[in-house]
Amino acid sequence: MFVSECLSANENGHLMIGGCDTVELAKQFGTPLYVMDESDIIKNCKLYQESLNRYYDGNGLVLYASKAFSCMYMCKLMNDLGMGLDVVSGGELYTAWKAGFDMSRVYFHGNNKTDDELKLAVEHKVGTIVVDNVDELERLNRIASEKDVVVRIMFRIKPGIDAHTHSFIQTGQIDSKFGVALENGEAIEAYRRAVEYSHLKVMGVHCHIGSQIFDLEPFKLAAKVMMNFIGDLHDKLNIEIEELNLGGGYGIKYTEEDQPINYDAYIQAVSEVVKQMAQERGVNLPKIMMEPGRSIVAPAGITLYTVGGVKEIKDVRTYVSVDGGMIDNPRYILYESKYDAVLANKATAPRENVVTIAGKCCESGDLLIKDIKMPHIEVGDTLAVLATGAYNYSMASHYNRIPNPPVIMVKDGQAKEIVRRESYEDLLRNDIL
Ligand SMILES: *Cc1c(COP(=O)(O)O)cnc(C)c1O
């Protein structure tokens, strides 16, 4: 009935998540409110882990890309599930460390890690650094030698694959700020240099071909191209690669139009490609790493808002204004992303009118959903925007000095606050008068 599997309606016609009535949650915690279903997150992680066991003898690791949604509770949950973690900044790294994450299972990404961030990573014994370029290689080796440690590394490679997705969130072609390119020899040259550094140990190769991808083919092609590169490293440089990290990017269902790939089928297909290519190129079977972010958390999350006004502009448009917007969900203003919404207190009412859901910020582009068919909406209704578990909280801003909403984790009818609502005082914390 709803785009996300974790949602249902109760006998009062209220939207339910994790055994909790969303109308009650809105009353108890206030709005705007991020709500995440813990069981759904756990289920999504296990799906990847079990498929990796089934098709590849568990020879690898599923890393959660924490940029999708990072907080201490989430890091702890991922640690307890035996997931690895992908971090892209000192802040994400520090969050994981503070939450007690096993740092040996952390992979540190980013196209411009500062010296301070690299030092933080080395000091906290981050398992693997995914090096973006040769400048970073140089800096990392210096930092590792100062601390007298050997750091495990892999390079981020641009495999030159065009995954059909929104161009703003597309990576993997040669014209990208991320990684070293295959086709012009930049990548092999980077490895030639890397093996000469005394404080770096080359472990693997990495690629990430985009986000919100719906086709299986680009993933299979990426695995093939990367296995050929592993073959080249073996033949030309005598480097034995142990880990193949294929990144994330698995699409999810935001609206009924979206048809995500079956993640199990993905892992099966990729495992076959890797096994076949290893044989063809005469190299050892690498461990397979993958880094799903969005597909772990997006469907598990919703955002609850209170309707504050309905502005009907005759023959033009009806704007429904809610008490959040681009501060808690900037994905419409960034990418014109599409979302589905449900009137949480009338979840089963027929959808009769086309409206536009607008945020409260001082930008005309601050919309959440343009043109969506909804039941009759009144001031005071609770509106739920669906599939907001990824890249919402983590991309939130303080534009217009609006405090960020709290995050509530629900499971088996219980709700607990895992991130507190910000106060006005929080906004002023670093101001100096
Ligand atoms: C963003 C990112 C991911 C996660 O992508 P999703 O689309 O959220 O699955 C994984 N790996 C890297 C390197 C990324 O930049």
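Helices (H or I, at least four residues) and strands (E, at least two) are DSSP runs, numbered from the N terminus. The structure is a predicted model, in which local features need pLDDT of at least 70 and side-chain atom pairs count only at pLDDT 80 or more, while totals for chains, interfaces and linings use all residues. Residues are numbered from 1 along each chain as its sequence is written, and side-chain values use heavy atoms, with hydrogens and water left out.

**Exercise 1. Describe the surroundings of the ligand.**

Solution.
- Step 1: Collect the residues near the ligand, meaning those with a heavy atom within 4 Å of it. There are 15 of them, and Lys67, Ser211, Glu291, Arg294 and Tyr391 are the closest.
- Step 2: Sort the shell by class, where Ala, Val, Leu, Ile, Met, Phe, Trp, Tyr, Cys and Pro count as nonpolar, Asp, Glu, Lys and Arg as charged, and the others, Gly among them, as polar. The shell holds 3 nonpolar, 7 polar and 5 charged residues.
- Step 3: Look for polar contacts (pairs of N or O atoms within 3.5 Å; within protein, one must be able to donate a hydrogen and the other to accept it, and residues adjacent in sequence count only if both atoms are side-chain atoms). A side-chain N or O atom of Ser211 is 2.4 Å from an oxygen atom of the ligand. The side chain of Glu291 has an N or O atom 2.7 Å from a ligand nitrogen atom. For Gly293 the partner is a backbone N or O atom, 3.0 Å from an oxygen atom of the ligand.
- Step 4: Find how much is covered, using accessible areas from the Shrake-Rupley method with a 1.4 Å probe; for residues, only the protein chains shown count as cover. On its own the ligand has 390 Å² of accessible area, and the protein covers 94% of this.

**Exercise 2. Explain why Cys45 has no disulfide partner.**

Solution.
- Step 1: Apply the rule that a disulfide is a pair of cysteine sulfur atoms within 2.5 Å. The count by this rule is 0.
- Step 2: Check the distance. The closest cysteine sulfur to that of Cys45 belongs to Cys75 and is 12 Å away, which is too far for a bond.
- Step 3: Compare Cys71. Cys71 is in no disulfide either, and its nearest cysteine sulfur, that of Cys75, is 6.9 Å away.

**Exercise 3. Find which residues of helix 1 are buried and how they are arranged.**

Solution.
- Step 1: Buried means under 20% relative accessible area, exposed over 50%, and partly exposed in between (1.4 Å probe, protein chains only). In helix 1, residues 22-29, the buried residues include Thr22, Val23, Leu25, Ala26 and Phe29.
- Step 2: Look down the axis and take the arc of the directions from the helix axis to the C-beta atoms. The buried residues fall within an arc of 160°, so they line one face of helix 1.
- Step 3: Turn to the face away from the buried side. Lys27 and Gln28 are exposed there.
- Step 4: Inspect the ends. Asp21 caps the N-terminal end of helix 1, with a side-chain oxygen 2.8 Å from the backbone nitrogen of Val23. Just after helix 1, Gly30 has a positive phi of about 85°.

**Exercise 4. Locate Asp371 and state its phi.**

Solution.
- Step 1: Asp371 lies in strand 18, residues 367-374.
- Step 2: Asp371 is not a glycine, yet its phi is positive, at about 55°.
- Step 3: Asp371 is partly exposed, at 45% relative accessibility.

How values were computed: Areas by Shrake-Rupley, 256 points an atom, 1.4 Å probe, with all protein chains shown as cover.
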